[in-house]
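The following exercises ask the reader to work through helix packing and residue burial. Each task is followed by a solution in steps.

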Amino acid sequence: MNLLGDLLMIIGAVFCFLGALGLLRMPDVYNRIQAGTKAVTLGSLSLLLGVGMQHPEWWAKLLVIGLFILLTNPIGSSALARAFRDAGVPLWGNNRCEP
């Protein structure tokens, strides 16, 4: 179980790093939100699963944290994207933002 937990934590750290890299490399705010939300959600859940493999007595707490991440990340990113759209932030390569 330790090897599997270590592997899951490494995979989670890689996805979190790729999500952070996507925040820096993507051309506009909408792509940045997408990269950050998808990759970091998967990375965080993989990290939680790896920690759960290392410490089985923490499963209840890790499950609550995972459910919280699954509920708040998509809602938060959707609210941010809608706020940017309503503020008139244009898409990459587009001079206007249509509601």
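**Exercise 1.** Is Phe17 buried or exposed?

*Solution.* The model is a predicted one. First, locate the residue: Phe17 belongs to helix H1. Next, take its relative accessible area, which is 53%. The cut-off for an exposed residue is over 50%, so Phe17 is classed as exposed. Finally, consider a residue remote in sequence: Ile69 lies 52 residues from Phe17 along the chain, and their C-alpha atoms are separated by 17 Å.

**Exercise 2.** Determine how the helices H1 and H2 are oriented towards each other, and describe their contact.

*Solution.* Begin with the extents: H1 covers residues 2–25 and H2 covers residues 29–54. Their axes lie 7 Å apart and form an angle of about 165°. Angles over 145 degrees count as roughly antiparallel, and H1 is therefore roughly antiparallel to H2. The handedness of the crossing is left-handed. Sorted by class, the residues in the contact of H1 with H2 are 16 nonpolar, 11 polar and two charged.

**Exercise 3.** Which residues of H1 are buried, and what helps to cover them?

*Solution.* The buried residues in H1 are Gly5, Leu8, Gly12, Gly19 and Gly22. H2 is included in what covers the buried residues of H1. For the spacing of such positions, recall that an α-helix has 3.6 residues a turn, so residues three or four places apart point the same way.

**Exercise 4.** Compare the expected span of H1 with the separation of its end C-alpha atoms, then do likewise for H3.

*Solution.* For H1, 24 residues at 1.5 Å a residue should span 34 Å. The end C-alpha atoms of H1 are 34 Å apart, in agreement with that expectation. For H3, 29 residues at 1.5 Å a residue should span 42 Å. The end C-alpha atoms of H3 are 42 Å apart, which again agrees.

**Exercise 5.** Classify Val40 and Ser44 by accessibility, and list their contacts beyond four places in sequence.

*Solution.* Val40 lies in helix H2, and so does Ser44. Val40 has 28% relative accessibility and counts as partly exposed. With residues up to four places away left out, Val40 touches Cys16, Gly19 and Ala35. Of these, Gly19 is 21 residues from Val40 in sequence, with a C-alpha to C-alpha distance of 5.5 Å.

Ser44, by contrast, has a relative accessible area of 18%. Buried means under 20%, so Ser44 is buried. Again setting aside neighbours within four places, Ser44 contacts Cys16 and Ile69.

**Exercise 6.** Establish the relative orientation of H2 and H3, and describe the burial in H3.

*Solution.* Helix H3 comprises residues 59–87. The axes of H2 and H3 come within 10 Å and cross at roughly 180°. The two helices are therefore roughly antiparallel to each other. By class, their contact has 17 nonpolar, seven polar and one charged residues.

Turning to burial, Leu62, Gly66, Ile69 and Ser77 are the buried residues in H3. H2 is part of what covers the buried residues of H3. Within this set, Ile69 has already appeared as a contact of Ser44.

**Exercise 7.** What sign does phi take at Gly88?

*Solution.* Gly88 comes just after H3. Its phi is positive, at about 90°.

Conventions: Residues are numbered from 1 along each chain as its sequence is written. This is a predicted model: local features need pLDDT of at least 70, side-chain atom pairs count only at pLDDT 80 or more; totals for chains, interfaces and linings use all residues. Side-chain values use heavy atoms; hydrogens and water are left out. Axes are lines fitted to C-alpha atoms, for helices over the stretch in contact, and angles run from 0 to 180 degrees between N-to-C directions. Helices (H or I, at least four residues) and strands (E, at least two) are DSSP runs, numbered from the N terminus. Angles under 35 degrees count as roughly parallel, over 145 as roughly antiparallel, 65 to 115 as roughly perpendicular and the rest as oblique. A crossing is left-handed if the near helix is turned anticlockwise from the far one by less than a right angle, and right-handed if clockwise. Ala, Val, Leu, Ile, Met, Phe, Trp, Tyr, Cys and Pro count as nonpolar, Asp, Glu, Lys and Arg as charged, and the others, Gly among them, as polar. The expected span of a helix is 1.5 Å times one less than its number of residues. Buried means under 20% relative accessible area, exposed over 50%, partly exposed in between (1.4 Å probe, protein chains only). Contact means heavy atoms within 4.5 Å.
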